[in-house]
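Here are my notes for a first look at this model. Please read them with the structure open beside you.

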Amino acid sequence: MESGSEGGWPWLAAGSVALSLLALLALLVLLGSRGLVHFWPAPVEVVTLDSGERFAGQRMRQERVAGDPQTDVLYRTGNRDLDGNYWRWVDADVIDTRQRPDNMLVLEREHWGNSWGAWWRFASRMLQRRCPCRAMRHGRS
């Protein structure tokens with residue numbers, strides 16, 4: 001066989017390998033950008049409604065109601081042990097204020113879903129109970 005008689009086949013094979021590697025890289029970037037978002041926590045907002053009701057949650061998405069100019073906002077609220085709901089749809093027009101306080105805490109629990117609240121409230125509840133940390137603080141063993 002003469003040198004160079006194979007024609008363009010080596011270049012075609014090398015090009016298809018390069019295209020496959022490029023497609024693999026694009027797939028990994030897509031999976032990484034879409035998948036890693038789920039491991040990064042969303043900020044917790046404290047929402048006050050026009051009625052004066054307040055709740056804490058993570059803003060998940062916003063949707064328009066079909067055939068209506070109204071916009072609804074979906075919040076992940078947790079604390080199922082308090083009201084039994086894990087998600088809450090709120091009409092965007094009835095939201096008075098939205099705040100992102102620095103002292104908000106999200107605790108993952110096995111039962112009843114995530115627990116949301118201010119860190120000092122969790123600490124005060126723990127100190128109100130008879131826990132070892134309170135007994136040690138008062139000098140008892």
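The points below go from the whole chain down to single residues and a pocket.

1. **Status and make-up.** This is a predicted model. The chain holds four helices and seven strands. Along the sequence, their order is α-β-β-β-α-β-β-β-β-α-α. Trace that order first.

2. **Burial and surface.** The chain has 141 residues, and buried ones make up 21% of them. The exposed area is about 11,300 Å². Carbon and sulfur atoms supply 58% of that area.

3. **Contacts along the chain.** Take the contacts between residues at least 6 apart in sequence: 37% of these join residues at least 24 apart. Points 7 to 9 look at individual residues.

4. **Strand 3.** Is strand 3 largely enclosed or left open? Strand 3 covers residues 71–76, and five of its six residues are buried. It is therefore largely enclosed by the rest of the structure.

5. **Strand 2 against strand 3.** Strand 2 spans residues 54–64. It runs antiparallel to strand 3, and six bridges join the two. One pair to find is Q62 with its bridge partner V73, in strand 3. The two strands form a hairpin with six residues between them. In that hairpin, G67 takes a positive phi near 75°.

6. **Strand 3 against strand 4.** Which way do strand 3 and strand 4 run, parallel or antiparallel? They run antiparallel, with five bridges joining them. Strand 4 is made of residues 87–91. The bridge partner of D72 is D91, in strand 4. Strand 3 thus has bridges to strand 2 and to strand 4.

7. **T48.** This residue is in strand 1, which covers residues 44–49. Buried means under 20% relative accessible area. T48 has 15% relative accessibility, so it counts as buried. What does T48 touch, leaving aside neighbours within four places in sequence? Its contacts are E53, R54, V94, I95, D96 and T97.

8. **S51.** Now move to the loop between strand 1 and strand 2, where S51 lies. Exposed means over 50% relative accessible area. S51 has 64% relative accessibility and therefore counts as exposed. S51 and D96 are 45 residues apart in sequence, yet their C-alpha atoms are 8.7 Å apart in space. D96 is also among the contacts of T48.

9. **M104.** Strand 6 is residues 104–107, and M104 belongs to it. Which residues does M104 touch, not counting those up to four places away in sequence? They are V44, V46, A56, G117 and A118. V46 is 58 residues from M104 along the chain. The C-alpha atoms of these two are separated by 8.8 Å.

10. **The second largest pocket.** Its volume is about 380 Å³. How many residues line it? There are 13, and H38, W40, P41, Q58 and R76 lie nearest the centre. Strand 2 gives the most to this lining, with three residues. By class, seven lining residues are nonpolar, three are polar and three are charged.

11. **Where to look again.** Start with strand 3, where five of six residues are buried. Then compare T48, which is buried, with S51, which is exposed. Finish at the second largest pocket, with strand 2 in its lining.

Methods:
Residues numbered from 1 in each chain as written. Predicted model: local features only at pLDDT ≥ 70, side-chain atom pairs only at ≥ 80, totals over all residues. Heavy atoms only, no water. Buried < 20%, exposed > 50% of the residue type's maximum accessible area, 1.4 Å probe, protein only. Pairing = 2+ DSSP bridges. Contact = heavy atoms within 4.5 Å. 1 Å grid on protein atoms, 1.4 Å probe; cavity = no way out; pocket = protein on both sides within 12 Å on 5 of 7 lines; lining within 4 Å. Points joined across faces, edges and corners; volume = space filled by probe spheres on them. Nonpolar A, V, L, I, M, F, W, Y, C, P; charged D, E, K, R; others polar. Areas by Shrake-Rupley, 256 points an atom, 1.4 Å probe, with all protein chains shown as cover.
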